[in-house]
Amino acid sequence: MAIKTQPVTVNLGPQHPSTHGVFRMRVMFDGEEIVDVEPIFGYLHRGSEKLAEERTYTQIVTLTDRMDYVSSMLNNHAYILAVEKLARIEPSPRGVWLRMIASELQRVASHLVATGFLIQDLGALGTPLIYAMRERENILDLFEMICGARITNSYLRPGGVFMDAPAEFWPALDRGLDDIVRTIDELEAYLSGNEIIFSRTKGTAVLSPELLINASITGPMLRASGVDWDLRHRAPYDYYDRVNFERILHTASDNYARYWVRVQEMRESVKIIKQCIEQIEPGPVRPSFDDVPRLIRPPEGDAYVAIEGSKGELGFYLVSDGGISPYRMHVRASSLINLTLLRDMLIGGQFGDLFVTFGSVDLNMGEVDR
Amino acid sequence: MTTVWSGAALAEAIEAFAPGSVESSAGTDVWLKPESISDVCGGLKTRAEFKFDLLSSLTAVDYIDHFEVVYHLTSLPMNASAVLKSRVGLGRTDASIPSVVPVWRGADYQEREVWDLMGIRFDGHPNHKRIMLWEGFPGHPLRKDYVTYDQSIVGPSDEQELVESTDSDGGGE
């Protein structure tokens with residue numbers, strides 16, 4: 001005997017621990033099945049792009065920290081590269097190596113957060129998340145050594161970074177890299193072959209590569225569908241053409257593939273950092289203030305620079321009118337654009353898979369709303 | 001390494017399949033007529049010599065006397081990039097441009113963001129609503145003539161007087 005049901009609309013968020021910040025979804029259920037989803041954004045909108053129009057180019061670095069607040073270094077990196085292109089600044093080699101090390105450490109930290117919270121969303125309350133956060137804590141300690149801040153780093157400056165790493169940073173970094181690899185091994189031993197993880201994540205929210213590309217989705221989500229697209233490899237910036245790393249690809253394009261790609265990318269980031277440590281040479285970490293003054297006045301024009309952020313293509317578009325602040329700044333936020341296919345991923349699925357799928361996108365509301 | 005299309009070469013290639021759609025070109029940029037944006041983008045996506053299958057970024061800039069919509073395109077198979085621009089709302093009239101969502105679904109949220117913050121209407125967008133701010137919010141904040149809350153309670157001239165009066169009185173009231 002079939003039980004007669006009628007669709008129910010449920011409001012999820014904005015204050016809900018599984019929404020990774022303040023995200024709201026109006027979801028219509030028919031029993032356990034999702035029939036409609038409407039995402040609602042803007043609860044963390046702070047008008048960063050408008051604020052940037054009233055600040056100098058160096059001051060804006062602090063605004064970029066607060067966009068995707070679990071990958072501040074990568075935000076700094078993308079913004080600084082755009083300023084350097086706009087103002088035609090030649091960076092110092094040691095500063096470039098240092099910011100590559102910082103960026104890759106940040107990528108590991110961001111992927112640890114993504115992985116830990118994905119497992120948390122699966123219902124494994126506590127333990128795997130604490131393992132991931134414990135390792136992230138070590139990376140934040142390393143950040144504290146090189147720039148004094150843990151989350152909102154503001155470490156990069158046009159032309160390099162603002163200070164050199166202290167002598168005790170290098171042995172701590174070596175130990176930290178070993179710890180990262182050990183933690184990834186631990187996580188993988190418990191999770192990557194886990195039957196419960198398989199049954200919950202394999203075959204859910206599958207997207208075709210053509211659809212992903214058409215919806216401008218980049219980063220680990222795209223690579224989990226087998227498309228070899230990594231800006232560090234295809235459009236190398238800084239010294240990424242001088243380091244070797246494997247591009248991690250998976251063909252399943254389901255929630256498990258996205259989890260797996262992130263875990264393996266952390267190993268590649270560790271490899272990149274080791275190569276940076278081998279190649280870094282002594283020297284100034286940024287050009288002198290005679291070459292790059294504190295108040296930069298780039299020539300009139302515009303510049304768009306994109307880097308491979310932790311969540312996908314992270315781009316900054318800057319327009320200069322020759323003044324001390326940008327005429328217009330736009331952020332190509334990968335977190336927002338990666339949500340374009342949220343409806344396609346969720347509709348037709350089960351309620352239990354909703355937060356797993358949501359976690360596998362790896363979004364950060366600070367970047368979505370800006 | 002990504003090849004960047006020069007504006008002149010791209011303008012010539014666009015003119016070959018969509019005559020009369022290019023306004024001008026300089027550096028790496030091509031300025032298109034707003035009404036031809038759908039045809040040109042459709043051609044750039046499907047034609048074998050371009051294959052611009054990924055819309056990297058879509059944004060807009062307020063140049064006081066007009067707005068400029070900026071498209072950054074990427075071709076994954078060719079590893080190439082290109083910049084399209086289009087001037088709309090000349091003389092600060094109602095600005096609108098055809099939507100490119102039928103070509104790239106990735107334009108969906110980006111066009112809504114431009115409408116919300118810059119006030120450029122995208123004709124044919126399937127869900128033309130505000131995204132960051134709520135329906136009924138007055139104005140579009142990224143426009144240069146938008147008056148922020150701070151400016152609305154203390155105008156620039158008032159602020160100047162305030163500073164002068166505290167100097168002479170030695171600390172205000």
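Mentor: Let's begin with a term: a helix crossing is called left-handed if the near helix is turned anticlockwise from the far one by less than a right angle, and right-handed if it is turned clockwise. Keep in mind, too, that this model is predicted.

Trainee: Thanks! So which way does α11(A) pass α14(A), left-handed or right-handed?

Mentor: The crossing of α11(A) past α14(A) is left-handed. Helix α11 covers residues 255–279 of chain A and helix α14 covers residues 351–361. Their axes are 9 Å apart, and the helices pack at an angle of about 35 degrees.

Trainee: Which residues meet there?

Mentor: From α11(A) you have N255(A), R258(A) and Y259(A), and they meet V356(A), T357(A) and S360(A) of α14(A). Sorted by class, this contact has 2 nonpolar, 3 polar and 1 charged residues.

Trainee: How many residues of α14(A) are buried?

Mentor: The count is 9 of its 11 residues, so α14(A) is largely enclosed by the rest of the structure. Look for D353(A), L354(A), F355(A), V356(A), T357(A), F358(A), G359(A), S360(A) and V361(A).

Trainee: And what do those buried residues pack against?

Mentor: Quite a list, all in chain A: β3 (33–40), α4, α7 (195–201), α9 (220–223), α11 and α13 (342–346). Just after α14(A) comes D362(A), which has a positive phi near 55 degrees.

Trainee: You mentioned α4. How do α4(A) and α11(A) cross?

Mentor: Their axes come within 9 Å and cross at roughly 160 degrees. Angles over 145 degrees count as roughly antiparallel, and α4(A) and α11(A) are therefore roughly antiparallel to each other. This crossing is left-handed.

Trainee: Which residues make that contact?

Mentor: On the α4(A) side they include W97(A), M100(A), I101(A) and L105(A). On the α11(A) side, Y259(A), V263(A), M266(A) and I272(A) are among them. The contact of α4(A) with α11(A) has 13 nonpolar, 4 polar and 4 charged residues. You have already met Y259(A), since this residue also takes part in the contact with α14(A).

Trainee: New topic: the nonpolar core. How many residues are in the largest one?

Mentor: The largest nonpolar core has 144 residues. A78(A), A82(A), F316(A) and I120(B) have the most contacts inside it. Helix α4 (residues 93–121) of chain A gives the largest share, 14 residues. As background, nonpolar side chains tend to be buried together in soluble globular proteins.

Trainee: What does F316(A) touch, apart from its sequence neighbours?

Mentor: Leaving out residues within four places in sequence, F316(A) is in contact with A78(A), Y79(A), A82(A), V305(A), M329(A) and V331(A). Two of the core residues I just named, A78(A) and A82(A), appear there.

Trainee: Where are S154(A) and S253(A)?

Mentor: S154(A) sits in the loop between α5 (127–147) and β4 (156–157) of chain A. S253(A) is in the loop between α10 (231–234) and α11 of chain A. Neither is a glycine, yet phi is positive in S154(A), at about 50 degrees, and in S253(A), near 60 degrees.

Trainee: Is S154(A) buried or exposed?

Mentor: Buried, because it has 21 C-beta neighbours inside 10 Å. S253(A) is buried as well, with 22 other C-beta atoms within 10 Å.

Trainee: What's chain B built from?

Mentor: Chain B has 5 helices and 8 strands. From the N terminus on, the order is β-α-β-β-α-β-β-β-β-α-β-α-α. Buried residues account for 40% of its 173 residues.

Trainee: Could you pick one chain B residue for me to look at?

Mentor: Try D29(B), in strand β3 (residues 29–32) of chain B. D29(B) is buried, with 20 other C-beta atoms within 10 Å. Not counting residues up to four places away in sequence, D29(B) touches G7(B), V83(B) and K85(B).

Trainee: Last one: how many residues does each chain bring to the contact between A and B?

Mentor: Chain B brings 24 residues and chain A brings 28. In chain B, the elements giving two or more residues are β4 (54–62), β5 (67–75) and α3 (107–118). The largest share on that side, 6 residues, is from β4(B). The chain B side divides into 13 nonpolar, 8 polar and 3 charged residues.

Terms used:
Residues are numbered from 1 along each chain as its sequence is written. Chains are lettered from A and ligands numbered from 1 in the order in which they are written. This is a predicted model: local features need pLDDT of at least 70, side-chain atom pairs count only at pLDDT 80 or more; totals for chains, interfaces and linings use all residues. Two residues are in contact if their C-beta atoms, placed from the backbone, lie within 7 Å. Helices (H or I, at least four residues) and strands (E, at least two) are DSSP runs, numbered from the N terminus. Ala, Val, Leu, Ile, Met, Phe, Trp, Tyr, Cys and Pro count as nonpolar, Asp, Glu, Lys and Arg as charged, and the others, Gly among them, as polar. A nonpolar core is a set of buried Ala, Val, Leu, Ile, Met, Phe, Trp, Tyr and Cys residues joined through C-beta atoms within 7 Å. A residue is buried if 20 or more other C-beta atoms lie within 10 Å of its own, exposed if 12 or fewer, and partly exposed in between; C-beta atoms are placed from the backbone. Axes are lines fitted to C-alpha atoms, for helices over the stretch in contact, and angles run from 0 to 180 degrees between N-to-C directions. Angles under 35 degrees count as roughly parallel, over 145 as roughly antiparallel, 65 to 115 as roughly perpendicular and the rest as oblique.
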